[in-house]
Every structure is written in C-alpha cells, then in structure tokens.
Amino acid sequence: MTLINTGGTTLSGSSTTISSIPATYTNLYVVIILSDPQDDGGGLLMRFNGDDTANRHARVTGGFSNGNVTFNQTSGQLTYSQDNGTPNGIVIVEIPFYANTSIWKYFRSSGVVNSYLDQAKAEFTMTACAYNQTGAISALEFFFNGGVIASGGTIYVYGVK
Amino acid sequence: MSRPIKRIYDCATGETIDREMNDDEFAQYQADQAIFLAEKAETEAKAAQKAALLERLGITEDEARLLLA
C-alpha cells in the first residue's frame, strides 16, 4: 500500500479534491481524519471524478437495498449528522478497480463522528455508492453538505497493488 | 461577495491550488446546501417527536430500547 498524496492533504474550503490519481494501482484505500463542518449536523460526501452531473451516483446507508436504488444523486455519502464543535471523526473508503474502463465504479465506506444531536454519542455510518460511468477514476472530491470545512482534517489516499 | 474556495491537490505535481468556485460549481454548492437543510430539519423533527413520545410514555430511551429488544 502506497500513500499517493504525499503527506496527506489538509481539508480546506468548500471542498477538497485529490486529482491526477495515477492508474497504476489496483484499488484505492482512503482514510479521512475529519475536521468540523461549518454547520452543525453536516455530513461528508464524495464525488467520483468530481462529477456533479445529475443521476450518476446512487447511494445506500447501512444495508440491503432491495434492488430499487435509483441513480439520483450527485455524490456518495460518507458520514451524517456531525457535530461542528467536536472534530472526533474518522472514515475509511475502499474503491476497487478504480482504473478499470469497462465497469461501473463503486465504493464502500464506514466511519464515525460525534453526533450533533448528542455530542457524547457516536454516529456510525456504513455506506456504499455506485457510479454508473465506466471511465477510470482519476479524481476524488470530498465536501461537507453543511457548508465549508471549518478547520483542519486530513485525507490520505493509498494505492493498493 | 467572494465565493467558497475549492482546494485541489494534484498527485502528479504535488501542487495544491485554492480557488473560488466557478458558476456551475457554485450552483451545485447551493443545491447541496438546500438538500442538507431539508434533511437536517427532518432529522430534528423526528428527534423532537421521539423525545415527546418518550415523555408521554414516561420512559427513558434505554427503557424504550429494552421494550423493543
């Protein structure tokens, strides 16, 4: 496993994109140490290739989808309902065969944040996302839906052979 | 008024660029914000309903879990 974005990339602004990801690995393994969203209750999301075109991402949270999940999103969800004053969050994301050019792309993730409804409690998430495009993934965009990223946090993108 | 900043790290060059959103990105940002606010309002409404129901029943959240286990 090799760290691709040397030293990790500090989250900043409204979104942070890791671009020009080389196609030389088989899978990607991403670890995100979470910072605070600006707005209480924000969640972290991720877009394949920074693509915000409608109807290309489909997402599920925490289980079986019954075969009825529509591609009606512009991103996948990594966390929900994070408190904006207690940056105790961590997320892992696994993206298999990201450079393949003949299959849909997919990630699964799991993570934990402080719940904004009760900061003493943990908000766990286990999510998955499909992206109905077959081009290689060369960029990952991360953003909070609760406004800009208030402070700190780091993204580590590892290539796995 | 300045727009939110996007950070882009380029793995090929090791460079980090911070720039303002363009028109399309800003429109998407505003759409994402609207969805977030709607979902947050729904979450908070459900939490309030749950708290009110527990109070009416006169039991704690842990006791409610015990009943449903």
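User: In which sense, parallel or antiparallel, do strand β3 of chain A and β1(B) pair?
Analyst: In this predicted model, strand β3 of chain A covers residues 15-19 and is joined to β1(B) over five bridges. One of the residue pairs involved is A:Thr17 with its bridge partner B:Ile8 in β1(B). The sense in which strand β3 of chain A and β1(B) pair is parallel.

User: Which strands are the edge strands of the open sheet of six strands?
Analyst: The order of the six strands is β8(A)-β6(A)-β12(A)-β3(A)-β1(B)-β2(B), the sheet is open and its pairing is mixed. At the chain A end, β6(A) and β8(A) pair in the antiparallel sense over two bridges, and A:Leu45 has A:Gln77 of β8(A) as its bridge partner. An edge strand here pairs on one side only, and the strands for which this holds are β8 (76-77) of chain A and β2 (16-20) of chain B.

User: Which element gives the most residues to the side of chain B that touches chain A?
Analyst: Across the two chains, 20 residues of chain B are in contact with 24 residues of chain A. On the side of chain B, the elements that give two or more residues are β1 and α1 (23-57), and the residues of that side divide into eleven nonpolar, three polar and six charged. With eight residues, the element that gives the most is α1(B).

User: Which strand of chain B supplies at least two residues of the largest nonpolar core?
Analyst: The largest nonpolar core holds 33 residues, of which A:Leu44, A:Val93, A:Phe142, A:Ile155 and A:Val157 touch the most other members. Beyond its neighbours within four places in sequence, A:Val157 is in contact with residues including A:Ile4, A:Ile18, A:Leu28 and A:Leu140. Strands of chain A that each supply at least two residues of this core include β6 (44-48), β9 (89-95) and β14 (154-160), and they are joined in this by a strand of chain B, β1 (5-10).

User: Is A:Thr53 buried or exposed?
Analyst: A:Thr53 lies in the loop between β6 and β7 (57-61) of chain A, and its C-alpha is 9.2 Å from that of A:Ser75, a residue 22 places away in sequence. Because a residue with 12 or fewer other C-beta atoms within 10 Å falls in that class, and A:Thr53 has 11 such neighbours, A:Thr53 counts as exposed.

User: What is the mean pLDDT of chain B?
Analyst: The model as a whole scores ipTM 0.91 and pTM 0.88. Within chain B, 99% of the residues reach a pLDDT of 70 or more, and the mean is 91.

Methods:
Residues numbered from 1 in each chain as written. Chains lettered and ligands numbered in written order. Predicted model: local features only at pLDDT ≥ 70, side-chain atom pairs only at ≥ 80, totals over all residues. Core = buried A, V, L, I, M, F, W, Y, C linked by C-beta atoms within 7 Å. Buried ≥ 20, exposed ≤ 12 C-beta atoms within 10 Å, placed from the backbone. Helix = DSSP H or I, 4+ residues; strand = E, 2+ residues; numbered from the N terminus. Contact = placed C-beta atoms within 7 Å. Pairing = 2+ DSSP bridges. Nonpolar A, V, L, I, M, F, W, Y, C, P; charged D, E, K, R; others polar. pLDDT = per-residue confidence, 0-100.
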